[in-house]
Amino acid sequence: MASDTLSITDNRTGKKYEVPIAEGTIKATDLRQIKTDAGDFGLMTYDPAFMNTAACRSAITFIDGDKGILEYRGYPIEQLAEKSTYLETAYLLLRGSLPSKDDLARWKNDVTYHTFINENLKGLLDAFRYNAHPMGKLISTVAALGTFYPEAKNITDPEVRARQVTRIVAKMITIAAFAYRHMVGQRYAYPDNDLSYAANFLNMVFKTTETKYKPNPAMERALDVLFILHADHEQNCSTSAMRAVGSSHVDPYSAVAAAAAALYGPLHGGANEEVIRMLTEIGSVKNVPAFIGRVKSGEGVRLMGFGHRVYKNYDPRAKIIKKVAYEVFEVTGKSPLLDIALELERIALEDEYFVKRKLYPNVDFYSGLIYQAMKFPMDMFPVLFAIPRVSGWLSQWEEMLQDPDQKIARPRQIFVGAARRDYTPIDKRP
Ligand code: CMC
């Protein structure tokens, strides 16, 4: 008779155990009963990088890496990218369902009217060196922002939480744009509440002498689609940071700053920048075969923007982004690096090395080209990733706080250091 249990025999003791299986998972704590004697701590699992450990139950984002599926709250990413807006998608992630007309209007209004930041924060930004990386400025400013809202510490009150969520989503574009203006030495441009979320960001980044900034509609839509595609990606490194830090019940600004710090790393939010560096280094279509040869030779060169830990068929976001890239290039003119990218993709998709290893273009392969065509410097790429990802981080934070299974994150370790020894006075040490 089939049973939803796992039978375990501990060959050290000969004892047998039955452990329940639910949702394709056993509880790691169920292994603690497996002991060699009463003094034994009990069996643990060893799983660095959480390669095979579910740290939560989540109803937000579903990914099937083998089939190339990505869904937010059940809605396929392709449909959201085509029909939704970033603010509507953020509402969906945060609240669990698509908003009614009135709800959406209220949410848009709330976000729009919270885009201004306290003037003191400009002093904080001004303290940075002229060439400071905008991610450093973003991380620090989000953390500092929390000090303006002491009520944010009250994370058990759903209304207080909701207010901070609105503030953070709204103010991200202002902080990101101010970080950019500081970098290029231009005076800060303030939010314009007549504009959409994406257009307002473009306004604060690019406005110069005009009294009213009017974004190109194709660029505004392209940026909005990129925001939708980057809004959440279940338990990745920065989201895990958000959950782990938030599990200490710190205010959400501090937890978002920690998540943004995780995103800053080149293995996470920095790959699109690496794609541009790679394409620039290749320099010309005629050099593509030689570069592919270097990748295959095993000398440690990777085709940046290819491959994914989860997607082994294709990254559904990459397909959408490629289409967006063409729409943007119609406005900006074709990127000189596009032909190199297309040739790399063409050869790689036919080449046995890449086919065998299931290496396909990922979200970063074309996003850097789009950002570059929009005239964003490379240092801004992770900032552009962080802006929409806050809606994912905050949805996951909210879910974590309401989950009765969750406690402060506190992994175990296997201690491999020195056994107990007595302190030696300095003159007796070898
Ligand atoms: N170019 C060439 N070979 C590759 C690449 C690549 N981009 N990616 C993986 N491989 C090879 C790798 O050498 C290994 O070959 P072998 O079996 O002969 O040793 C095999 O494919 C499996 O690689 P892996 O490192 O075990 O795969 P992983 O799942 O641990 O790594 C990855 C996933 C994304 C880190 C990796 O594919 C990579 O470094 N890609 C380039 C960087 C990149 O584009 N990162 C952005 C990821 S998408 C952003 C996001 O979703 O947040």
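How far does a polar side-chain atom of Arg 357 lie from an oxygen atom of the ligand? I looked this up in the model, which is a predicted one, and found a separation of 2.9 Å.

**Entry: ligand contacts.** I then turned to Arg 302, where an N or O atom of the side chain is 2.8 Å from an oxygen atom of the ligand. For Leu 303 I noted a backbone contact instead: a polar backbone atom of this residue is 2.7 Å from a nitrogen atom of the ligand. I also recorded the accessible area of the ligand, which is 950 Å² when the ligand is taken alone. The protein buries 68% of that area.

**Entry: ligand shell.** I counted which residues surround the ligand and obtained 17. Arg 302, Leu 303, Gly 305, Phe 306 and Asn 362 are the closest. Sorted by class, the shell comprises seven nonpolar, six charged and four polar residues.

**Entry: second largest pocket.** I next examined the second largest pocket, which holds about 240 Å³ of space. Its lining consists of 15 residues. Nearest the centre of this pocket I found Leu 87, Lys 108, Ser 196, Tyr 197 and Ala 198.

Which helices each supply at least two residues of this lining? I noted α3 (101-112), α7 (197-206) and α8 (217-229). By class, I recorded six nonpolar, five polar and four charged residues in the lining of the second largest pocket.

How values were computed: Residues numbered from 1 in each chain as written. Predicted model: local features only at pLDDT ≥ 70, side-chain atom pairs only at ≥ 80, totals over all residues. Heavy atoms only, no water. Near = heavy atom within 4 Å. Polar contact = N/O pair within 3.5 Å; in protein donor to acceptor, adjacent residues only side chain to side chain. Areas by Shrake-Rupley, 256 points an atom, 1.4 Å probe, with all protein chains shown as cover. Nonpolar A, V, L, I, M, F, W, Y, C, P; charged D, E, K, R; others polar. 1 Å grid on protein atoms, 1.4 Å probe; cavity = no way out; pocket = protein on both sides within 12 Å on 5 of 7 lines; lining within 4 Å. Points joined across faces, edges and corners; volume = space filled by probe spheres on them. Helix = DSSP H or I, 4+ residues; strand = E, 2+ residues; numbered from the N terminus.
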